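Visitor: I am new to this structure and would like to understand one part of it properly before I look at the whole. Could you take a single helix, go through it slowly, and then show me where it belongs?

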Amino acid sequence: TVSSDVFFYIMAGPHQQDDRGNWTRFYTPSGGKPIEFNGLGIQRLHNYATSFGLGKETGIELPGEVAGIAPDPNWKITHYPDNPWSIGDTIVTAIGQGYNLVTPIQLVNVTSAVANGGTLYKPQLVLKVTDPSGNVVQDYKPKTLGQVPVSPENLAIVRDGMHQVVADKRKGTAYRMTIDKVSGIQVAGKTGTAEYGEELTDPQGHKYRRSHAWFTAFAPYDKPEIAVVVLLEGGDQSLEGSTYAVPVADQILKAYFHVTK
């Protein structure tokens, strides 16, 4: 709901020993005693990512689709043989940065799987072909790519968190969504800000990186029928999801549900 990077660091940090025999650990701002990581680790994180279709093509019938990257130690040693995987790589992978590369069609597929209870579908462009009289000449049935290895209970927790991103106007990062206010249609979503490029300095002397604005959503929350992904590429600007991508998705959903207020 609050888009906390630290939460995902802790969820991903592996319980393993370093070169000196110390268990991987972190410190809270107010406490001097280290807390040992006990999270997924990169291999389990990678396995879940690929089960949701990341790191491979979806098979959509469009030219030029790319697979993106769902990184793990094997991938890194192949591409950077002198720079083995580190716990820092695991930490940034957990928040979607580092070596991650994700396409919008992959992300909307992930969102759909979360929304529908765990089924990953092959995206299709054509529903049916009809003749001039409206008779169906060819029907295209949905094709499944697989079932994600996540329990219904845990998927429900994720959906609830995504709902609060929009519904919690005090803490949620998608508080600029208005369709729920004017129509009562409940939306669930997740904002994202993808930094890229070299570090820059603004006129006030603050350091920053350019960034793309992301927002992914599904609606209605209690009975999903549409999933939407918005990606606004930053160019020379630093864009972030809640400010720039959320209002675009809001307009798309209003158009889909014929909300005219």
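Guide: What follows is a close look at one helix and its surroundings, and then at the rest of the chain.

This is a predicted model, in which local features need pLDDT of at least 70 and side-chain atom pairs count only at pLDDT 80 or more, while totals for chains, interfaces and linings use all residues. Residues are numbered from 1 along each chain as its sequence is written, and side-chain values use heavy atoms, with hydrogens and water left out.

The part I have chosen is helix H4, which covers residues 87-94; helices (H or I, at least four residues) and strands (E, at least two) are DSSP runs, numbered from the N terminus. The buried residues of H4 are Asp89, Thr90, Ile91, Thr93 and Ala94, where buried means under 20% relative accessible area, exposed over 50% and partly exposed in between, with a 1.4 Å probe and protein chains only. These buried residues pack against helix H1 (5-12), helix H2 (41-51) and helix H3 (73-79), and contact here means heavy atoms within 4.5 Å.

Two members of H4 deserve a closer look. Aspartate 89 forms a salt bridge with lysine 76, their closest N and O atoms being 2.6 Å apart; the term stands for a side-chain nitrogen of Lys or Arg within 4 Å of a carboxyl oxygen of Asp or Glu. The pair links distant parts of the chain, since lysine 76 sits in helix H3 and aspartate 89 in helix H4, 13 residues apart. Both partners are buried, lysine 76 with a relative accessible area of 2% and aspartate 89 with 11%. Threonine 93, also in helix H4, is buried at 10% relative accessible area, and, not counting residues up to four places away in sequence, threonine 93 touches Ile42, Leu45, Pro71, Trp85 and Asn100. After the helix comes glycine 96, whose phi is positive, near 85°.

From here we can widen the view. The structure holds four salt bridges, including the one just described. In another of them, lysine 169 meets aspartate 180 with the closest N and O atoms 3.3 Å apart, and this pair too links distant parts of the chain, from the loop between H6 and helix H7 (179-183) to helix H7, 11 residues apart. Lysine 169 is partly exposed at 34% relative accessibility, whereas aspartate 180 is buried, with 13%. A further salt bridge joins lysine 141 and aspartate 139 (3.3 Å, N to O); lysine 141 is exposed at 58%, while aspartate 139 is partly exposed at 42%.

Elsewhere in the chain lies the largest nonpolar core, which has 21 residues; such a core is a set of buried Ala, Val, Leu, Ile, Met, Phe, Trp, Tyr and Cys residues joined through side-chain atoms within 4.5 Å. Helix H6 (152-167), strand E8 (207-219), strand E9 (226-232) and helix H8 (241-256) each supply at least two residues of this core. Phe215 and Ala219 are among the members that touch the most other members. Leaving out residues up to four places away in sequence, phenylalanine 215 touches residues including Val166, Met177, Val228, Val230 and Ala249. Apart from the largest core lies another, of 14 residues, among them Ala49, Phe52, Ala113 and Leu155.

Alanine 219 is also joined to proline 220 by a cis peptide bond, with omega about -15°, and proline 220 belongs to the loop between E8 and E9. Most residues other than glycine have a negative phi, and most peptide bonds are trans. Serine 3 has a positive phi of about 55° although it is not a glycine, and its place is in the segment before H1.

Taken as a whole, the protein has eight helices and nine strands, and buried residues make up 34% of its 261 residues. Its C-alpha trace spans about 75 × 40 × 40 Å along the principal axes.
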